[in-house]
Amino acid sequence: MTADPAEDQRALFGQSTAVFALLSGPSHLVETANPAFFAAIGAAIGAATGDDEGRTGIPLAQLAPILAEQGFIAPLDEVLATGEPYTGRDVRVELDGREAFFDFTCEPRRDVPGICVIGVETTQVRHAQHLMAEHRALLEQIARQAPLTDVLDGMARSIEDLAPQEVLVSVLLADPDGRHLRHGAAPSLPAFYNEAIDGIATGEGVGSCGTAAHRREPVIVTDIGTDPFWDDFRELAGRAGLAACWSTPILARDGGLLGTFAMYHRVPRVPQEGDLALARVFAGTAALAIERHHSEQAERAAEARARAAHDDLAAAMRAERELRAEAEQRAAAAAELAARMDAAAATLAAKPHPERCQLGGGAGCDAPAEIKIADSWGDAAWGCPSHVEEAIINVRSVFIASEELGGLAAYLNR
């Protein structure tokens, strides 16, 4: 019995994730293909019933018009005309509203005029490479101590740009007490929505993020329209066009709450394992950025306290020097006044009540001598009110002398 090459190849590639198809004739009739091929091109014919047989015997351009529109029939024509293989690397294709990339080879068939197409989708690899590059750039930003808002905003935009399906990212930051969440970054969510949830409490049933923060574990809400966690926020989410929200807590190395990382969708959606892995990776990156930010804040606060303490110490030292200088000045003034009293006391024997102030020092004083003062050693002198006041303030144990004990008035003009 003669082996059928098409049957052999169908058996070989039937369950493979690689794309395989045998095309024949100038119109590139799909003679046979594996399920991965039909899934990749999004063929509409027979898709509802999954009938792969019903999708054979049809020209490729008719089976998948979008391929013809994007110019993928021309290379097939060239291979058929020249007999030379064609290889494409990382070729971008838009299929069913999604962006996809393929490595594929088109080789001329030996059995009949036609082409054998073998390819591998590289979309996930390409996206993974981009995500790794963006992740590395974020880590470099963190290492350079870029502002936290810039890091979180850049992270959100990277995920939104690279995700295969539309996603809107939000990062909320926990208050120091862990009881409320504050806006961190959400570049694609409406401003009114960000303002409304800024400061929401953490707690069971408080949306996806409040609950995730409270539980310290991911909370997946696949349909905001029916989930009880969103009872208090359903109308707000509806106005913002949000239908699903997957929230992951951002935790510090010691388990403390730093915030939440949320991925919103405009249609109800169940996450795949890749989505959950993506959330875990970037929640960890956000944790690193937030902890670095907290560390920098603590360092700046400590530096500010150190500067304040240094300034206080410097002020105290200046005050101490000023007080010491003032004390030294007062001591010098006291010594000078004491010397004046000594000199004045020596003259009182000749003239008990001089007419002019005796306490004016070297410059002298022409004011009338109105008040007599004495110290505890028995020295006495007459002076004007100003110099007497100076002596009383600066010379220890100086008092107003009064033989009649009649007070100050008894000595005026004596």
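A residue counts as buried when its relative accessible area is under 20%, and this cut-off underlies the views of the predicted model described below.

**View 1. Helix H9, residues 207-215, is largely enclosed by the rest of the structure.** Of the 9 residues in helix H9, 7 are buried, so the helix is largely enclosed by its surroundings in the predicted model. The buried residues of H9 are Gly207, Ser208, Cys209, Gly210, Thr211, Ala212 and Ala213. Their cover includes strand E6 together with strand E7 (180-185), strand E8 (200-201), strand E9 (219-221), E10 and E11. Arg216 follows H9 and lies in the loop between H9 and E9.

**View 2. The largest nonpolar core has 32 residues.** Within this core, the residues with the most contacts are Leu152, Met155, Ile159, Ile250, Phe261, Met263 and Phe282. Two or more core residues are given by each of helix H6 (123-143), helix H7 (148-162), strand E6 (168-174), strand E10 (244-251), strand E11 (257-265) and helix H11 (273-347), and the largest share, 8 residues, comes from H11. A second core, separate from this one, has 27 residues, including Ala174, Ala212, Phe229 and Ala240. In soluble globular proteins, nonpolar side chains tend to be buried together.

**View 3. The surroundings of Phe261 are shown without its neighbours within four places in sequence.** With those neighbours left aside, Phe261 is in contact with Met155, Ile159, Val169, Ser170, Val171, Trp246, Ser247, Thr248, Ile250, Ala279, Phe282 and Ala283.

**View 4. Helix H7 meets helix H11.** The axes of the two helices, H7 and H11, come within 10 Å and cross at roughly 170°, which means that H7 is roughly antiparallel to H11. On the H7 side the contact is formed by Leu148, Val151, Leu152, Met155 and Ile159, and on the H11 side by Leu278, Phe282, Thr285, Ala286, Ala289, Ile290 and His293. Sorted by kind, the residues of this contact of H7 with H11 comprise 10 nonpolar, 2 polar and no charged.

**View 5. Helix H6 and helix H7 are roughly antiparallel to each other.** The axes of H6 and H7 come within 10 Å, crossing at roughly 175°, and the two helices are therefore roughly antiparallel. From H6, the residues in the contact are His127, His130, Leu131, Glu134, Leu138, Gln141 and Ile142, while H7 brings Asp150, Val151, Gly154, Met155, Ser158 and Leu162. The contact of H6 with H7 divides into 6 nonpolar, 5 polar and 2 charged residues.

**View 6. His28 and Arg216 are shown in their loops.** Most residues other than glycine have a negative phi. His28, although not a glycine, has a positive phi of about 60°, and its place is in the loop between strand E1 (19-24) and strand E2 (29-33). With a relative accessible area of 2%, His28 is buried. Arg216, also a residue other than glycine, has a positive phi near 60°; with a relative accessible area of 39%, Arg216 is partly exposed.

**View 7. The protein chain as a whole contains 12 helices and 14 strands.** Of the 414 residues in the protein chain, 41% are buried. Among the contacts in the chain with a separation of 6 or more, 49% join residues 24 or more positions apart. The chain exposes about 22,400 Å², of which carbon and sulfur atoms supply 54%.

Definitions and conventions:
Residues are numbered from 1 along each chain as its sequence is written. This is a predicted model: local features need pLDDT of at least 70, side-chain atom pairs count only at pLDDT 80 or more; totals for chains, interfaces and linings use all residues. Side-chain values use heavy atoms; hydrogens and water are left out. A nonpolar core is a set of buried Ala, Val, Leu, Ile, Met, Phe, Trp, Tyr and Cys residues joined through side-chain atoms within 4.5 Å. Buried means under 20% relative accessible area, exposed over 50%, partly exposed in between (1.4 Å probe, protein chains only). Helices (H or I, at least four residues) and strands (E, at least two) are DSSP runs, numbered from the N terminus. Contact means heavy atoms within 4.5 Å. Axes are lines fitted to C-alpha atoms, for helices over the stretch in contact, and angles run from 0 to 180 degrees between N-to-C directions. Angles under 35 degrees count as roughly parallel, over 145 as roughly antiparallel, 65 to 115 as roughly perpendicular and the rest as oblique. Ala, Val, Leu, Ile, Met, Phe, Trp, Tyr, Cys and Pro count as nonpolar, Asp, Glu, Lys and Arg as charged, and the others, Gly among them, as polar. Accessible areas come from the Shrake-Rupley method with a 1.4 Å probe; for residues, only the protein chains shown count as cover.
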